[in-house]
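Work through the exercises below with the sequence and the model open. Each task is followed by a solution in steps.

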Amino acid sequence: MGKSMLPDTRHPPVPGDKDMKSGFISLGMQGKYVAINIAEAGFDLVVFDTRLEPLNDLAVAGAKIAASCADTTSGAAPNLFRNLYHKL
């Protein structure tokens, strides 16, 4: 198949986007994979979780590991993501 003839409607890249720091707190079943995609795309990402398993995976993907929630937020401005599981 050839290239699509439809216009590209995705958000166009902004100069310096990948230089912007981002943080991600809580790397559960969903958050871990979202954060991996952000890190593998080359963004400067700082992550925190209370469990080691997702942190190891994120370190391999290129994310920086924060020592605490506070460290994630202080180094991640202006973008901070949280993915908290809430049982209803």
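Axes are lines fitted to C-alpha atoms, for helices over the stretch in contact, and angles run from 0 to 180 degrees between N-to-C directions. Contact means heavy atoms within 4.5 Å. Helices (H or I, at least four residues) and strands (E, at least two) are DSSP runs, numbered from the N terminus.

The model is predicted: local features need pLDDT of at least 70, side-chain atom pairs count only at pLDDT 80 or more, and totals for chains, interfaces and linings use all residues. Residues are numbered from 1 along each chain as its sequence is written, and side-chain values use heavy atoms, with hydrogens and water left out.

**Exercise 1. Lay out the fold**

Task: State how many helices and strands the protein chain has, and give the order of its elements.

Solution.
- Step 1. Count the elements: the protein chain has three helices and four strands.
- Step 2. Read from the N terminus: the order is β-α-β-α-β-α-β.
- Step 3. Place the strands in the sheet. Two strands pair if DSSP finds at least two bridges between them. The four strands form an open sheet in the order β3-β2-β1-β4, with parallel pairing.
- Step 4. Find the edges: β3 and β4 (79-82) each pair on one side only.

**Exercise 2. Follow the neighbours of β2**

Task: Identify the bridges that β2 makes to β1 and to β3.

Solution.
- Step 1. Take β1 (residues 21-25): five bridges join β1 to β2, and the two run parallel. Ile25 has Phe48 of β2 as its bridge partner.
- Step 2. Take β3 (residues 64-65): two bridges pair β3 with β2, again in the parallel sense. Here Val47 stands opposite Ile65.
- Step 3. Add the helices. A crossover is right-handed if, with the strands pointing away from the viewer, the path from the first strand over the helix to the second runs clockwise. β1, α1 (residues 31-40) and β2 make one right-handed β-α-β unit. β2, α2 (residues 52-61) and β3 make a right-handed unit too.

**Exercise 3. Test the cover of β2**

Task: Which residues of β2 are buried on each side?

Solution.
- Step 1. Fix the classes: buried means under 20% relative accessible area, exposed over 50%, partly exposed in between (1.4 Å probe, protein chains only).
- Step 2. Count: in β2 (residues 44-48), five of five residues are buried.
- Step 3. Recall the rule for strands. In a regular strand the side chains alternate between the two faces of the sheet.
- Step 4. Split by side: Asp44, Val46 and Phe48 are on one side, Leu45 and Val47 on the other. Both faces of β2 are covered.

**Exercise 4. Find the buried face of each helix**

Task: Where do the buried residues of α1 and α2 sit around the helix axis, and what do they pack against?

Solution.
- Step 1. List α1: Gly31, Lys32, Ala35, Ile36, Ile38 and Ala39 are buried. Seen down the axis of α1, these residues fall within an arc of 165° (taken from the directions from the helix axis to the C-beta atoms), so they line one face.
- Step 2. Find the cover of α1: β1, β2, α2 and β4 are among the elements over its buried residues.
- Step 3. Turn α1 round: the face away from the buried side carries the exposed Asn37 and Glu40. Asn37 has a relative accessible area of 53%.
- Step 4. List α2: Pro54, Leu55, Leu58 and Ala61 are buried. Their arc around the axis is only 115°, which puts them on the same side of α2.
- Step 5. Find the partners of α2: its buried residues pack against α1, β2 and β3. The helix lies across β2 and β3, at about 170° to β2.
- Step 6. Turn α2 round: exposed Leu52 and Val60 are on the face away from its buried side.
- Step 7. Link the helices: the C-alpha atoms of Asn37 and Leu58 are separated by 9.6 Å, with their positions 21 residues apart along the chain.

**Exercise 5. Check positive phi**

Task: Which residues follow α1 and α2 with a positive phi, and where is Ser26?

Solution.
- Step 1. After α1 comes Gly42, with phi near 100°.
- Step 2. After α2 comes Gly62, with phi near 110°.
- Step 3. Ser26 is in the loop between β1 and α1. Its phi is positive, about 80°, although Ser26 is not a glycine. At 17% relative accessibility, Ser26 counts as buried.
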